[in-house]
Amino acid sequence: MSLLSRLPLSASTVLPVLAGLLFGTLMLLGGPPALVGALVAVLAAVAVLAKPVRGLLLFCLIAPFVPWTTVTIGIRMTVSEALLALTWAGVFMQWLMGRLPSWQAGPTERRMLWLMAWSVVPLVAGQFMVHEEGNGPVNWVRWLLNVSTLFLVPILTPTPALRQRMMDCLVIGFTAMLALSLGVFIKSPDARTMIPVLASLHYAHPEALMDIFSSMYNRMASPWVHPNSTGGVLLLGVPLAMFYGVSQKGWRRALSLFVALGGAAGIVFSGSRGALLCLTALVVWLAWRRVPMAGRALLIGAVLAATMLVAYPPARERLASLTQGSQDASTGVRFDEYRNFHRAVERYPLGLGFKVETPATGGGVYGISNLWLNYWYKLGLPGMLFFIAVTVAWWREVRLMGDLSKMKADQALHVGSVGAMLAALLTGFIDHYFSFTQVLIALFWLTMAISLQASRPLPQPARETTTS
């Protein structure tokens with residue numbers, strides 16, 4: 001009898017052998033760095049699979065800070081999306097093992113499921129109607145991962161303690177992003193100085209980084225690359241951090257205040273006109289609702305914004321371009337997009353799908369700088385209607401905020417998250433980045449989930465019944 005036939009082929013024997021072969025191969029091919037990286041990745045994966053909430057917390061740390069750092073796991077995707085995929089793997093594993101309680105979808109989540117189901121139709125249609133290079137199924141899966149944060153929050157953070165940990169991670173992530181962005185900006189206002197930093201973080205498409213930072217070199221650079229994306233993510237972060245800090249003490253309040261003030265400054269320095277106008281509209285709405293300190297914040301914010309605009313001429317010129325109407329380059333492009341939008345929907349009646357991003361190349365077809373119309377462009381008219389149904393259901397659940405003139409600590413996160421969502425939706429009239437921009441939309445749907453959690457009553461623990 002051979003030696004191999006006498007060896008017990010159990011899992012306890014095979015798994016160590018396979019692990020040894022894998023790590024030995026990595027050591028030979030990539031050296032110690034590859035081995036250490038693989039060990040860290042395996043340990044992180046095991047930790048997330050054992051407790052999926054760790055994956056959500058890691059996402060909240062990494063997504064605001066370095067959203068588009070990439071990793072290759074069969075396909076190239078962002079680390080943020082890889083964490084979401086790993087988190088869902090952990091959720092399903094824990095459900096199968098009976099360690100996660102069952103979860104009941106609310107009205108908003110049920111409408112989102114309909115939107116996700118409909119997306120299969122434009123996915124298939126786009127594969128045949130769009131004659132460009134692209135991987136529609138992969139892009140579709142990535143989109144599903146991004147919107148799935150709407151479900152992960154209620155599944156994994158059912159208690160106030162877990163929600164606080166999630167908010168802590170978000171605030172720390174925004175703090176790191178602002179520290180990097182403002183630090184580089186103060187050292188050198190030239191946005192191109194950010195390129196080597198992002199290249200070291202394994203950002204894809206270095207040629208795109210060069211094009212964007214070179215054409216907008218006098219606007220604050222950030223890990224979100226495009227100034228409008230920077231303004232969009234800060235529009236979510238500023239209200240969340242401001243109202244979260246109101247209900248906290250110590251380092252949590254200090255970091256939240258830094259994110260609120262630094263984020264407002266970042267919106268000005270990035271030159272994102274839409275984000276600045278929508279943040280101003282949000283503060284005016286809060287003052288109208290008589291939220292404590294909102295009126296004072298409006299006055300102080302106006303003074304600080306005016307000071308920054310005087311001190312930084314590029315931001316002043318960017319804001320002044322609003323008065324130029326169609327003569328301004330970006331505004332003129334938007335007018336062209338609206339004039340040509342009917343051609344896009346005629347060409348793709350079931351939606352562009354996920355094979356390529358808008359605008360479609362060639363044939364004089366433009367994109368569209370509008371949140372709702374971009375859903376129509378990508379997912380067809382039914383897709384836009386499903387998205388509207390989601391937002392209407394969300395508003396019906398969160399609109400009752402009580403008397404805000406006497407706001408209590410337990411109301412603060414509710415008001416901040418709803419305010420962030422309203423400001424984000426308001427930008428939808430002038431831009432589309434909250435529709436299909438990877439990772440940014442994950443934070444958008446995460447913020448919606450936070451507002452829903454804050455507006456719903458806490459789940460009551462099950463009571464044991466005794467028989468007499």
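What share of the contacts in the protein with a separation of 6 or more is accounted for by residues 24 or more positions apart? In this predicted model, such residues account for 74% of those contacts.

The overall composition may be considered next. The protein has 468 residues, and buried residues make up 49% of them. Its secondary structure consists of 21 helices and two strands. The accessible surface amounts to about 22,800 Å², and carbon and sulfur atoms contribute 69% of that area.

One part of this surface involves helix α6, which spans residues 120-129 and contains F128. With a relative accessible area of 64%, F128 is classed as exposed, because that value lies over the 50% cut-off. F128 also belongs to a nonpolar surface patch, in which it is joined by V120, V124 and M129. Together, these four residues present about 360 Å² of accessible area.

The aromatic residues form a further topic. A pair of aromatic rings is described by the distance between the centres and the angle between the planes. With ring centres required to lie within 6.5 Å, the protein has 18 aromatic pairs. Ring pairs also connect residues into a cluster made up of W143, F354, Y375, F387, Y433, F434, F436, F444 and W445. Within that cluster, F436 has a charged partner as well: the charged end of K378 sits over the ring of F436, at 5.4 Å from the ring centre. F436 is thus linked to other aromatic residues through ring pairs and also lies beneath the charge of K378.

Note on methods: Residues are numbered from 1 along each chain as its sequence is written. This is a predicted model: local features need pLDDT of at least 70, side-chain atom pairs count only at pLDDT 80 or more; totals for chains, interfaces and linings use all residues. Side-chain values use heavy atoms; hydrogens and water are left out. Patches are made of residues with over 30% relative accessible area and no salt bridge: like charges are joined within 9 Å, nonpolar side chains (Val, Leu, Ile, Met, Phe, Trp, Tyr) within 5 Å. Accessible areas come from the Shrake-Rupley method with a 1.4 Å probe; for residues, only the protein chains shown count as cover. A salt bridge is a side-chain nitrogen of Lys or Arg within 4 Å of a carboxyl oxygen of Asp or Glu. Helices (H or I, at least four residues) and strands (E, at least two) are DSSP runs, numbered from the N terminus. Buried means under 20% relative accessible area, exposed over 50%, partly exposed in between (1.4 Å probe, protein chains only). Rings of Phe, Tyr and Trp (its six-membered ring) pair if their centres lie within 6.5 Å; planes under 30 degrees apart count as stacked, over 60 as edge-to-face and the rest as tilted. A charge sits over a ring if NZ of Lys or CZ of Arg is within 6 Å of the ring centre and within 35 degrees of the ring normal. Contact means heavy atoms within 4.5 Å.
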